[in-house]
Amino acid sequence: MITYTIKHCFTGAALWTGEIDCPEDVSKAVKLGGAVKAAYLSGADLSGADLSRADLSGAYLSRAYLSGANLSGAYLSGANLSGANLSRADLSRADLDRAMVNAKPVKTLVARVTRNDGYSFFLWQFQDDSHVIIAGCRTLTIDEFQAHVAAKYPGTPKAAETLAILDYLAVRLGQVS
């Protein structure tokens, strides 16, 4: 057992410190992955955490709070991210092979777009070529999201921006399908 600290990606402040079961001489990626798994089990808030290049393969992170976390280059193969809060998270170059989102195996994260108010839209494509947008607490297809906007805030600047984002996501989805 060793003591490990997960730090905030910008401030360097400690977000979680605890004991992990791994040898001292393993890579930082493996130590960080073990720490994230332990922190998740303890209910830690990992928003803003520096998890770049962490080995999170097979991690159960359903409903984890990872808002603003740096997951760039993280190895998330086989990880369960269903219901995880990934708003403002950096998933660039992350390995999402066999990751699970919305209880389905991911093919790719097609795009992430952030509205002017900070609300992030993640467009996921699954192995069966279906798709879903996860934005905040909403998990909807493009068509369902368009209907939601029309029903909840029609004719507003927020609606115009959201519909433009949805149009962009539809184009991106067409490019990868």
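Analyst: Two strands count as paired when DSSP finds at least two bridges between them. The model discussed here is predicted.

User: What makes E4 and E5 a pair?

Analyst: Strand E4 (residues 104–114) and E5 are joined by 7 bridges. The cut-off is at least two bridges, so E4 and E5 pair. The sense of the pairing is antiparallel. Alanine 111 has leucine 123 of E5 as its bridge partner, and arginine 112 stands opposite phenylalanine 122 in E5.

User: What lies between E4 and E5, and which residue in the turn has a positive phi?

Analyst: E4 and E5 form a hairpin with 5 residues between them. Glycine 118 in the turn has a positive phi of about 95 degrees.

User: How do you know that E5 pairs with E6?

Analyst: E5 and strand E6 (residues 131–135) share 4 bridges, and at least two are needed, so they count as paired. They run antiparallel. Histidine 131 in E6 is the bridge partner of glutamine 125. The hairpin of E5 and E6 has 4 residues between the strands, with aspartate 129 at a positive phi near 70 degrees.

User: What joins E6 to E7?

Analyst: There are 3 bridges between E6 and E7, which run antiparallel; the cut-off of at least two is met, so this is a pair. Alanine 135 stands opposite arginine 138 in E7. E6 and E7 form a hairpin with 2 residues between them, and glycine 136 in the turn has a positive phi of about 60 degrees.

User: Why are E3 and E7 called edge strands?

Analyst: The open sheet has 5 strands in the order E3-E4-E5-E6-E7, with antiparallel pairing. Strand E3 (100–101) and strand E7 (138–140) each pair on one side only.

User: Which strands does H2 touch, and which does H3 lie across?

Analyst: H2 packs on the sheet and touches E5, E6 and E7, with its direction at about 125 degrees to that of E7. H3 lies across E4, E5 and E6, running at about 135 degrees to E4. Both angles fall between 115 and 145, so both count as oblique.

User: Why are H2 and H3 called roughly antiparallel?

Analyst: Helix H2 (residues 142–152) and helix H3 (residues 157–176) pack at an angle of about 170 degrees, with their axes 10 Å apart. Angles over 145 count as roughly antiparallel, so the term applies to H2 and H3. On the H2 side, the contact is made by Ile142, Phe145, Gln146 and Val149; the H3 residues include Leu163, Leu166, Asp167 and Leu173. By class, the contact of H2 with H3 has 9 nonpolar, 2 polar and 1 charged residues.

User: How do you know that E5 is mostly covered?

Analyst: In strand E5 (residues 120–126), 7 of its 7 residues are buried, where buried means under 20% relative accessible area. Ser120, Phe122, Trp124 and Phe126 are on one side of E5, and Phe121, Leu123 and Gln125 are on the other. Both faces are covered. E6 is also described as mostly covered, with 4 of its 5 residues buried.

User: Why does cysteine 9 count as partly exposed, and how does cysteine 22 count?

Analyst: Cysteine 9 has 22% relative accessibility; that value lies between the cut-offs of 20% and 50%, so it counts as partly exposed. Cysteine 22, at 13%, falls under 20% and therefore counts as buried.

User: How many disulfides does the structure hold?

Analyst: The structure holds 0 disulfides. That means no pair of cysteine sulfur atoms lies within 2.5 Å.

Conventions. Residues are numbered from 1 along each chain as its sequence is written. This is a predicted model: local features need pLDDT of at least 70, side-chain atom pairs count only at pLDDT 80 or more; totals for chains, interfaces and linings use all residues. Side-chain values use heavy atoms; hydrogens and water are left out. Axes are lines fitted to C-alpha atoms, for helices over the stretch in contact, and angles run from 0 to 180 degrees between N-to-C directions. Angles under 35 degrees count as roughly parallel, over 145 as roughly antiparallel, 65 to 115 as roughly perpendicular and the rest as oblique. Contact means heavy atoms within 4.5 Å. Ala, Val, Leu, Ile, Met, Phe, Trp, Tyr, Cys and Pro count as nonpolar, Asp, Glu, Lys and Arg as charged, and the others, Gly among them, as polar. Buried means under 20% relative accessible area, exposed over 50%, partly exposed in between (1.4 Å probe, protein chains only).
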